[in-house]
Structures are given as structure tokens and as C-alpha cells.
Amino acid sequence: DWTMGAFRQEAIASIRAQVGSGRVLCGLSGGVDSAVAAVLIHEAIGERLTCVFVDHGLLRQGEAEEVVSLFRGHYNIPLVHVEAQDLFLGALTGIRDPEEKRKIIGRLFISAFEAEAKKIAADGRGAPEFLAQGTLYPDVIESVSFSGGPSVTIKSHHNVGGLPERMNMKLVEPLRELFKDEVRDLGRELGLPEAFVGRHPFPGPGLAIRCPGGITPEKLEILRQADAIYLDEIRKAGLYDEIWQAFAVLLPVQTVGVMGDGRTYEFVCALRAVTSVDGMTADFYPFGMGFLGRAATRIINEVKGVNRVVYDVTSKPPGTIEWE
Ligand code: XMP
């Protein structure tokens, strides 16, 4: 009889066996996978784990604060919060191509992480020789099937690819055998708050790929506000758990509107929601028109900078989940 409780104990034993008396570094993305991996490893080796959270300034409203308070407050896990927002936003200025954005974010992420790892290595407690990653079973399969098949990469998801080799570290991947729903069960088993465990997946490059074309701090702020309202409406309607991912996209298009006596010329916001099992294929979520109307009205009334809202009814394939 296989239970998450048993998996937890086995995983802890195998982390201890692998790591011995060594130290582990774990990058937190703000997502469920890396958080569950970190909490599990912390249970196994205690303060020989150090978590590094590189804040690229591309997270959603309140997300960075949530991660920091969860780890430092709730779990008391040592966490370095690298405030790299200006670095990332500066490097992304004027960049419009989606893959270019991913490359810049990936490269900066690695260098910020490496710089932090060097500082940690110099703290007198010995250099960490292990790097933890929240790799899941579908990630393992995907990379295998890609390497054997035709070299078609639609999006380069490997944000930290090459990091362990470069830093000469060994990988600790305690979630390698699990699917997303199992990682969530394990998170519950480890006492992570339900609201955190049940969160939708969020891409490494964050809001950068939800702001098609050039990114500015102003656009990111508009997007954050619209996205928060949309998710609030989804939660209020009791639909959050039925949906795989839901988010707003700020389009690089301005349209004419009328507000009071005046003409407006502001951005279009697209709303996206899909159901999926593993993110490989997806169907658009069939909201009722009442819901969409409510969400659109709130966004237009409450977010300065948006005067039109549209809903994306594209499934995957032929669309992808993200717009970039
Ligand atoms: P697409 O847009 O390819 O997305 O249908 C499939 C899943 O992957 C996420 N995604 C990413 N995750 N780095 C990530 O870590 C990325 O560059 C990236 N691009 C897409 C997307 O949110 C969805 O869950």
C-alpha cells in the first residue's frame, strides 16, 4: 500500500544517503515544485540546506513576499532573497523576441545564482556540493523524448539548464518520479498551506512572457493588477481548482475607448484559462459569459491603462498555453 507518507520517509532516507554530511543549495522559483523539494530536503538535512530565491521582478502581485514569509516565517528555512529586479528589467529593456527574453532571463538567473553560491561557499561552513532541483517525471520524459526525436524546440524551458555542470555540483532531484498532482499531495503531507500547494503552474520567465513585445515597469504593473483581479474573480466563482492555469496577458496594442465624457487610448488585456493534465495539451476553459463580463468590467474599471478585455478561446495545439 503506497502512500505519500511512505514516499516521504523513503525520499528523506535517500536524500540523507546521497548528501551524507554535505551541503545543498536549492533555488526557489516561487512555484510549488521547488518549494516542496526544499521543504523535503530541509526535513532530511536541516540547516545544511540553503535556499536561494532570485527575485527577477517578473513575479505576480504579492508572490515574492509570500515565498519569503513562507520559508523564513513558517518553516524557518534559511533563505537568501536576491533582489535582482533592476538587473533583469534593465537587461530586458527593448527586447521583444520571446526566445531572446528567455535567454537573457536564464543567463542572468544563472549568474545571480552563481554569485550567491560563491558567497554561501565562503561562509566558513564548507562549499555546497549539491544543487537541488524540483524536476518532475514529465520533465524527465520530455527531455528524453526531445533528445531522441527531431530537434524541434518550441520554447526553451530550461531556464537553469547547464547550471550544475558549470558550478561543478551534483544534482539532488527528490521529485523525479512524481507527477504534478503527486507533488501537491506530498506538499500537503509536508504541511505546506493548501493555498500554496494548489497554485497553478507559473513559468520561470514569469510575466516577461505575458507581456508580448517590449517590457516596461509600467506595463508589468498594469499586468499585475489585471491578473490579480482576474484570479480573484476565479477564486470567488469557486473555479480555481478546476483550471490548470489562468492568467492575464497585456497586449502591445492600444485601442480607443470612451470613459465618461472622454476618449481613452489604452492597452488591451487578454484573459487566458485552460484545463490540462500535464501542460502538453490543453483546452480553453469554457467560462460563462456572466463570469467573463464581471471580470472584464472590474479590470477596466479598476486598472488604469486597460480599456478593453478579450478572452482567448484557443486550445493547445495549435496554440501554446503562454502567448510567447
Ligand atoms: P506552453 O506555453 O509551451 O507552456 O504551452 C506549457 C507549460 O510550460 C510553462 N512554460 C514555461 N515554464 N519556462 C518555464 O519554466 C518557460 O520558459 C516556459 N514557457 C512556458 C507554461 O506556463 C505551461 O505551464
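Two strands count as paired if DSSP finds at least two bridges between them. I kept that in mind while looking through this predicted model.

**Entry one: the sheet**

I started with the strands and asked in what order they lie. The five strands form an open sheet that runs β3-β2-β1-β4-β5. The pairing is parallel. As a reminder to myself, strands of a sheet pair through backbone hydrogen bonds, either parallel or antiparallel.

Next I looked up which strands stand at the edges. They are β3 (79-83) and β5 (170-172). Each has a single partner strand, so one side of each is left without a neighbour in the sheet. I also noted the twist, which averages 30° from one strand to the next.

**Entry two: β4 and β5**

I then followed edge strand β5 to its pairing with β4 (residues 130-132). How many bridges join β4 and β5? I found three, in the parallel sense. To see one of these strands at residue level, I picked Phe130, and its bridge partner in β5 is Lys170.

**Entry three: two helices**

Away from the strands, I turned to α2 (residues 32-45) and α8 (residues 180-189). Their axes come within 10 Å and cross at roughly 45°. That angle makes α2 oblique to α8. The crossing of α2 and α8 is left-handed.

Which residues meet there? From α2 I listed Val32, Asp33 and Val36. On the α8 side I listed Val183, Arg184, Leu186 and Gly187. Sorted by class, this contact of α2 with α8 has four nonpolar, one polar and two charged residues.

Technical notes
Residues are numbered from 1 along each chain as its sequence is written. This is a predicted model: local features need pLDDT of at least 70, side-chain atom pairs count only at pLDDT 80 or more; totals for chains, interfaces and linings use all residues. Axes are lines fitted to C-alpha atoms, for helices over the stretch in contact, and angles run from 0 to 180 degrees between N-to-C directions. Helices (H or I, at least four residues) and strands (E, at least two) are DSSP runs, numbered from the N terminus. Angles under 35 degrees count as roughly parallel, over 145 as roughly antiparallel, 65 to 115 as roughly perpendicular and the rest as oblique. A crossing is left-handed if the near helix is turned anticlockwise from the far one by less than a right angle, and right-handed if clockwise. Two residues are in contact if their C-beta atoms, placed from the backbone, lie within 7 Å. Ala, Val, Leu, Ile, Met, Phe, Trp, Tyr, Cys and Pro count as nonpolar, Asp, Glu, Lys and Arg as charged, and the others, Gly among them, as polar.
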